[in-house]
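Here's a quick tour of one helix, the packing and the empty spaces. Have the viewer open as you read.

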Amino acid sequence: MQFLSRKPFTARRLVFLGLLVSQSLVLYLVESLIPLSFAVPGAKLGLSNIIGLSTLLLFGIGDAVLVTLMRITISSLFWGGMSVFLFSLCGGILSLFAMHALRSAFKEKIGIPGLSVAGAVFHNIGQLLAAAIVIENIRIIYYLPMLLLAAVPTGMLVGICTHFMTMHIRKIYGRRILGK
């Protein structure tokens with residue numbers, strides 16, 4: 001597994017990654033303004049994960065980690081706090097590595113919505129592990145089944161959106177942006 005991309009940071013690639021960070025911040029902000037009343041407290045749509053998964057599919061794990069770290073850091077500075085940073089970091093990074101491992105293991109046998117559902121599940125696991133460490137009580141893991149009920153439909157939504165986004169990016173920019 002290659003963690004960090006060895007491709008040089010060309011100006012074009014750097015601008016495109018910056019745009020992805022910007023898009024994920026906009027989606028994070030828009031989602032925070034939508035008054036959703038899920039049956040599961042704390043469950044979210046995870047719209048900014050569209051960008052994280054798209055970056056993973058288009059550029060690889062190194063750039064996906066970079067974009068996700070930038071999004072989590074900036075969003076926590078402006079709209080969150082230390083707890084938001086910690087929970088988002090644990091969930092986001094665990095989710096990315098789980099999706100990367102599944103993609104590497106199953107190649108074409110798993111579709112983008114399937115990857116996204118797995119990412120949503122691992123995102124919830126990561127956040128609950130962080131919460132268990134913060135509150136020093138592992139019993140919070142009992143909340144996981146309820147979060148998983150919300151993870152499946154939200155993961156599917158994010159996966160379908162990611163499928164269309166990556167399809168259009170590849171069609172429009174092709175090899176110029178992706179450097180392949």
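## Helix α5 and what follows

A quick definition before we start: helices here are DSSP runs of H or I with at least four residues, numbered from the N terminus. Keep in mind that this is a predicted model.

With that labelling, look just past the end of α5: Glu-136 has a positive phi there, at about 55 degrees. As for α5 itself, it covers residues 112-135, and its 24 residues should span 34 Å at 1.5 Å a residue; the end C-alpha atoms sit 34 Å apart, so the two figures agree.

## Nonpolar cores

Which residues of the largest nonpolar core touch the most other members? They are Leu-20, Phe-59, Val-67 and Met-165, out of 15 residues in that core. Three helices, α1 (11-33), α2 (49-59) and α6 (144-173), each put in at least two residues, and α1 gives the most, with 5. As background, nonpolar side chains tend to be buried together in soluble globular proteins.

Met-165 is worth clicking on. Leaving aside residues up to four places away in sequence, Met-165 touches Leu-20, Gln-23, Ile-50, Ile-51 and Ser-54. Apart from the largest core there's another one, of 11 residues, including Leu-53, Ala-64, Val-65 and Leu-96.

## Pockets

The largest pocket comes out at about 880 Å³. It's lined by 43 residues, and the closest to its centre are Gly-42, Lys-44, His-123, Asn-124 and Gln-127. Plenty of helices chip in: α1, α2, α3 (61-79), α4 (82-106), α5 and α6 each supply at least two lining residues. By class, the lining splits into 22 nonpolar, 18 polar and 3 charged residues.

The second largest pocket has a volume of about 210 Å³. Its lining is Leu-57, Arg-103, Lys-107, Glu-108, Ile-110, Gly-111, Ile-112, Leu-115 and Arg-170. Sorted by class, that gives 4 nonpolar, 1 polar and 4 charged residues.

## The cavity

How many cavities of 30 Å³ or more are there? The count is 1, and the largest cavity holds about 30 Å³ of space.

You'll find Ser-24, Ser-48, Asn-49, Ile-51, Gly-52, Val-67, Thr-68 and Arg-71 lining that cavity. Both α2 and α3 supply at least two of the lining residues. The class split is 2 nonpolar, 5 polar and 1 charged. Two names here are familiar: Val-67 also turned up in the largest core, and Ile-51 was among the contacts of Met-165.

Notes. Residues are numbered from 1 along each chain as its sequence is written. This is a predicted model: local features need pLDDT of at least 70, side-chain atom pairs count only at pLDDT 80 or more; totals for chains, interfaces and linings use all residues. Side-chain values use heavy atoms; hydrogens and water are left out. The expected span of a helix is 1.5 Å times one less than its number of residues. A nonpolar core is a set of buried Ala, Val, Leu, Ile, Met, Phe, Trp, Tyr and Cys residues joined through side-chain atoms within 4.5 Å. Buried means under 20% relative accessible area, exposed over 50%, partly exposed in between (1.4 Å probe, protein chains only). Contact means heavy atoms within 4.5 Å. On a 1 Å grid over the protein atoms alone, a cavity is a set of points where a 1.4 Å probe fits but cannot get out, and a pocket is an open set with protein on both sides within 12 Å along at least five of seven lines; lining residues have an atom within 4 Å of a point. Grid points are joined across faces, edges and corners, and a volume is the space filled by probe spheres set on the points. Ala, Val, Leu, Ile, Met, Phe, Trp, Tyr, Cys and Pro count as nonpolar, Asp, Glu, Lys and Arg as charged, and the others, Gly among them, as polar.
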